[in-house]
Structures are given as structure tokens and as C-alpha cells.
Amino acid sequence: MAERSLRGMSIGAKSLESDDNVDFAARNDVAYVCPKGHRTILPFAEGAEIPDEWECRCGSVAHREGDADREGDEISKPTRTHWDMLLERRSIENARRLGVQFVQTEAVGLTWTDRLTVETLAGAYPADAVILATGASRAVPRIPGLTGLEGHGVSWCAACDAFFYRGKDVAVLGSGEYALHEVQALLPVVKSVTLLTDGAALTADFPPEVTVCTQKVEAILGEQTVTGVQLAGGAVREVSGVFVALGVAGSTALARKIGAAVEGSRIVVDEKMQTTVPGLYAAGDCTGGLLQVAKAVYEGAQAGTEAAKALRKG
């Protein structure tokens with residue numbers, strides 16, 4: 001017994017009671033502060049994507065220390081780990097072997113006539129079934145009046161609501177391709193369009209007839225309906241409607257465009273993951289509830305299976 005050696009580690013070289021001779025992986029400590037003042041410090045691996053928000057121990061949403069109060073046009077995305085990317089690469093390779101086509105472009109709209117059609121920067125893709133599974137936006141613009149006047153001058157869909165503003169002055173909140181798509185839908189109908197970038201840089205080429213305001217948006221004005229927007233420095237622009245088109249079009253924004261029922265930021269689905277629009281399904285974080293990968297995987301499988309069943313039935 002005495003001559004037997006322990007395998008697995010050299011007891012004499014490294015101590016279990018100290019950090020001597022132990023090389024730790026490089027990491028960054030990131031601080032988060034919630035509205036109640038609780039400060040949480042979390043270690044992240046060097047090179048990892050750092051989330052802008054974290055759930056505090058009190059249950060409220062904490063933001064990275066030092067970040068601005070409002071994130072403006074920037075929509076945060078869930079952190080992707082090395083394991084996520086590895087699984088994604090393997091899944092894509094397997095899908096391609098089965099003949100699945102991958103199109104890497106930005107979706108800017110969703111319409112329905114005789115078929116569903118996904119509008120992208122690379123063209124339109126008609127389909128008999130569409131599954132929305134792009135996750136949920138973790139950040140919304142913190143602009144006073146935006147939420148309170150939704151449906152009373154604040155809209156998330158130019159194609160749906162443009163005709164309500166025929167001959168009127170409106171504004172589009174955004175600065176990228178998604179905002180350009182909304183502007184193009186409004187120009188033939190309304191009197192004028194003002195682009196509100198909320199301080200963000202332009203990432204698309206807008207028509208010359210569009211007035212661009214680069215100042216921060218301090219508030220959406222109006223009591224019963226929208227009457228204007230207040231910009232940084234006190235300037236006010238009188239408009240009858242504000243169309244929100246920040247960042248890229250997420251699942252909820254696309255669902256709104258086609259008239260699917262939405263409750264807050266959650267797309268309403270039944271037990272088959274189908275929305276209120278025939279042929280349109282949703283899965284994952286965009287349906288609300290538990291924001292965990294296990295739930296998203298189950299719902300994605302359920303939506304795919306039910307869509308396939310419906311297509312086979314014709």
C-alpha cells in the first residue's frame with residue numbers, strides 16, 4: 001500500500017490550499033448596477049461577449065456600470081459562448097448536407113397575400129410556412145411617452161399604419177436598413193418624413209427628401225395622441241406619428257407587421273406554436289415565459305414539426 005502512487009496530479013508540485021503555481025485563464029471583471037443600487041461583479045473570459053444587462057439578486061434588471069441611461073438605437077443580443085458557436089457550426093454543416101439553403105442577410109419585413117413572404121435586403125422569399133425564432137430584444141428605447149402613446153401615434157409597422165397618416169408629417173425612429181424600409185413605405189403616403197437617429201450613426205442611405213435629425217430624442221409629446229417629439233437642447237418637431245424601427249427587425253416587430261397577435265414583447269402562440277396568422281409560427285424567447293435554451297429548443301422542434309405536418313396536409 002505504501003508504495004502505491006496517486007495518479008491524476010503531482011501532490012508535491014501543486015498545493016490544493018493556495019494558488020501557487022496555478023495559471024488562471026485571462027478574465028475581465030464586469031460590474032452591474034440595478035435601479036435599487038445593488039452592485040454585482042461578475043468574471044468573464046477574455047474575448048467573451050459581455051451582456052449589457054444582468055438579472056440582479058433582487059430580481060430587477062441591472063445594467064453595466066458606466067453605460068448611458070439609454071441605449072438608444074442599440075439593441076443588445078444574447079451572449080454567444082464558444083459552445084454555442086461550435087454547436088451552430090456543426091448544425092449548419094449537417095443541415096447543408098440535407099439540402100437546406102442558408103441566406104445571411106437582414107430581414108426587414110413580412111407580408112402576406114396568397115403566401116407568406118419574407119422581405120430581406122437580398123430580395124423577397126415567398127413561403128407556405130414561416131417560423132419566427134430570432135429571440136427577444138433585451139433592450140427597448142427608454143424615451144418618455146413612447147410606451148404610453150403606442151397605438152395613439154406610436155407605431156411599430158409602417159406597412160400596417162401608413163394610411164392613417166395620409167398627408168401628415170411623421171417621424172421614423174432608427175438609423176439603419178430597417179428604418180430605411182419603413183421610410184420607403186411611408187414616403188408615397190405621408191406629407192413628410194423626419195428620421196430620428198437618437199444620436200446613432202447612419203448605416204443606410206436615405207432619400208434626399210427625408211429630414212435627418214441626429215440629436216438624442218428626449219420625449220414623445222402628446223396627451224391623447226402624438227403631437228411631436230422633443231430633441232436634446234429643447235428643440236421640438238411637430239409630427240402626428242412616430243414609427244419605431246430601431247436596429248434590426250426582431251420577431252415581435254415582424255409579427256406586428258403581418259397582424260399577428262402580440263402581448264407586450266411576446267408573440268401569442270397556441271399549443272402548436274402557431275400564431276394568429278395561418279402558416280406563421282414562433283418559437284423561443286419571442287414567445288415569452290422561461291428564457292432558457294431548453295425551452296427554445298423544444299419550441300423550435302414543436303414549431304418545425306407542426307409546420308411540416310400542415311404542409312403535408314396541403
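I began with helix 5 in this predicted model, and I noted that strand 8 (130–132) and strand 19 (280–282) are among the elements covering its buried residues.

I then looked up which residues of helix 5 are buried, and I found Lys295, Glu299, Gln302, Ala303, Glu306 and Ala307. These residues lie on the same side of helix 5, because they cover an arc of only 130 degrees around the axis. On the other side of helix 5, I listed Val293, Ala294, Val297 and Arg312 as exposed.

Next I checked the length of helix 5, which runs over residues 293–313: at 1.5 Å a residue its 21 residues should span 30 Å, and I found its end C-alpha atoms 30 Å apart, which agrees. Just after helix 5, I noted that Gly314 has a positive phi of about 80 degrees.

I turned to the nonpolar cores, keeping in mind that nonpolar side chains tend to be buried together in soluble globular proteins. The largest nonpolar core holds 36 residues, and I recorded Leu132, Val172, Leu186, Val193 and Leu280 as those with the most contacts inside it. Among the elements that each supply at least two residues of this core are strand 8, strand 10 (169–173), strand 11 (192–196), helix 4 (251–258) and strand 19, while helix 3 gives the most, with 5 residues.

I followed Val193 further and, leaving out residues up to four places away in sequence, I found that Val193 touches Val170, Val172, Val183, Leu186, Leu187, Glu209, Val210 and Thr211. Apart from this core I came upon another one, of 17 residues, which includes Val217, Val239, Val242 and Val244.

Methods:
Residues numbered from 1 in each chain as written. Predicted model: local features only at pLDDT ≥ 70, side-chain atom pairs only at ≥ 80, totals over all residues. Heavy atoms only, no water. Helix = DSSP H or I, 4+ residues; strand = E, 2+ residues; numbered from the N terminus. Expected span 1.5 Å × (residues − 1). Buried < 20%, exposed > 50% of the residue type's maximum accessible area, 1.4 Å probe, protein only. Arc of directions from axis to C-beta. Contact = heavy atoms within 4.5 Å. Core = buried A, V, L, I, M, F, W, Y, C linked by side-chain atoms within 4.5 Å.
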